[in-house]
Amino acid sequence: MSLLLVSSIQDMSVYSKDMLRIGKVKDLEIDDEMKVTYLILELERGATKELFDKMIAIHHGKGKVGPAAIEKIGKDAVILKQPMTELKGVIEKL
């Protein structure tokens, strides 16, 4: 069994299933039972535009994604289960 430290996932790149970079992990949300409920993401400008229907994204957006949407956490990246075109509604706006 491989252990994952919080410090090793912070700033890790996040990709859609079709390998488009969405952003990076900034934090974790943990519930009262000490279970991770969401990864808090800093989104790329392009992902912010596509996911949140913005005409122009001047700043990086922030969002959160639940563990059910994660396919794999590797050594240097998180891969989500859906391609970019299916992530609208899966990543919640913060």
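This report describes the sheet of a predicted model, then several of its residues and salt bridges.

## The sheet

Strands of a sheet pair through backbone hydrogen bonds, and the pairing may be parallel or antiparallel. Here seven strands make up an open sheet with mixed pairing. Their order across the sheet is β5-β6-β1-β2-β3-β4-β7. At the edges are β5 (70-73) and β7 (92-93), each of which pairs on one side only.

## Strands β2, β3 and β4

Strands β2 and β3 are antiparallel and are paired over seven bridges. Within this pairing, Asp-27 is opposite Ile-40 of β3. Strand β3 (residues 36-43) is also joined to β4 (residues 62-65), again in the antiparallel sense, by four bridges. Glu-42 stands opposite Lys-62 in β4, and Ile-40 has Lys-64 as its bridge partner in β4. Ile-40 thus appears in both pairings, with Asp-27 and with Lys-64.

Lys-64 is part of strand β4. Its relative accessible area is 14%, which is under the 20% limit, so Lys-64 counts as buried. Apart from neighbours within four places in sequence, the residues in contact with Lys-64 are Glu-29, Tyr-38, Leu-39, Ile-40, Val-90, Ile-91, Glu-92 and Leu-94.

## The β2-β3 hairpin and a nonpolar patch

The hairpin of β2 and β3 has five residues between the strands. Met-34 is located in this loop, which follows β2 (21-30), and has a positive phi near 65°. With a relative accessible area of 66%, over the 50% limit, Met-34 counts as exposed.

Met-34 also belongs to a nonpolar surface patch with Ile-30 and Val-36. Together the three residues have about 300 Å² of accessible area. Lys-35 and Glu-33 form a salt bridge, and their closest N and O atoms are 3.9 Å apart. Both Lys-35 and Glu-33 are exposed.

## Ser-13 in strand β1

Ser-13 lies in strand β1 (residues 13-15). Is Ser-13 buried or exposed? Its relative accessible area is 16%, and the limit for a buried residue is 20%, so Ser-13 is buried.

The side chain of Ser-13 makes a polar contact of 3.2 Å with the side chain of Arg-21. Arg-21 is also among the contacts of Ser-13 outside its neighbours within four places in sequence; the others are Gly-23, Lys-24, Asp-76, Ala-77 and Val-78.

## Salt bridges between separate parts of the chain

Side chains of opposite charge can pair when their charged atoms come close. The structure contains six salt bridges. One of them joins the side chains of Lys-26 and Asp-11, at 2.7 Å from N to O. Because Lys-26 is in strand β2 and Asp-11 is in the loop between α1 (6-9) and β1, the pair ties together parts that are 15 residues apart in sequence. Lys-26 is partly exposed, at 30% relative accessible area, and Asp-11 is partly exposed as well, at 41%.

Another salt bridge is formed by the side chains of Glu-71 and Lys-17, at 2.8 Å from N to O. This pair links distant parts of the chain, 54 residues apart: Glu-71 is in strand β5, and Lys-17 is in the loop between β1 and β2. Glu-71 is partly exposed, with 45% relative accessibility. Lys-17 is partly exposed too, with a relative accessible area of 43%.

Note on methods
Residues are numbered from 1 along each chain as its sequence is written. This is a predicted model: local features need pLDDT of at least 70, side-chain atom pairs count only at pLDDT 80 or more; totals for chains, interfaces and linings use all residues. Side-chain values use heavy atoms; hydrogens and water are left out. Two strands pair if DSSP finds at least two bridges between them. Helices (H or I, at least four residues) and strands (E, at least two) are DSSP runs, numbered from the N terminus. Buried means under 20% relative accessible area, exposed over 50%, partly exposed in between (1.4 Å probe, protein chains only). A polar contact is a pair of N or O atoms within 3.5 Å; within protein, one must be able to donate a hydrogen and the other to accept it, and residues adjacent in sequence count only if both atoms are side-chain atoms. Contact means heavy atoms within 4.5 Å. Patches are made of residues with over 30% relative accessible area and no salt bridge: like charges are joined within 9 Å, nonpolar side chains (Val, Leu, Ile, Met, Phe, Trp, Tyr) within 5 Å. Accessible areas come from the Shrake-Rupley method with a 1.4 Å probe; for residues, only the protein chains shown count as cover. A salt bridge is a side-chain nitrogen of Lys or Arg within 4 Å of a carboxyl oxygen of Asp or Glu.
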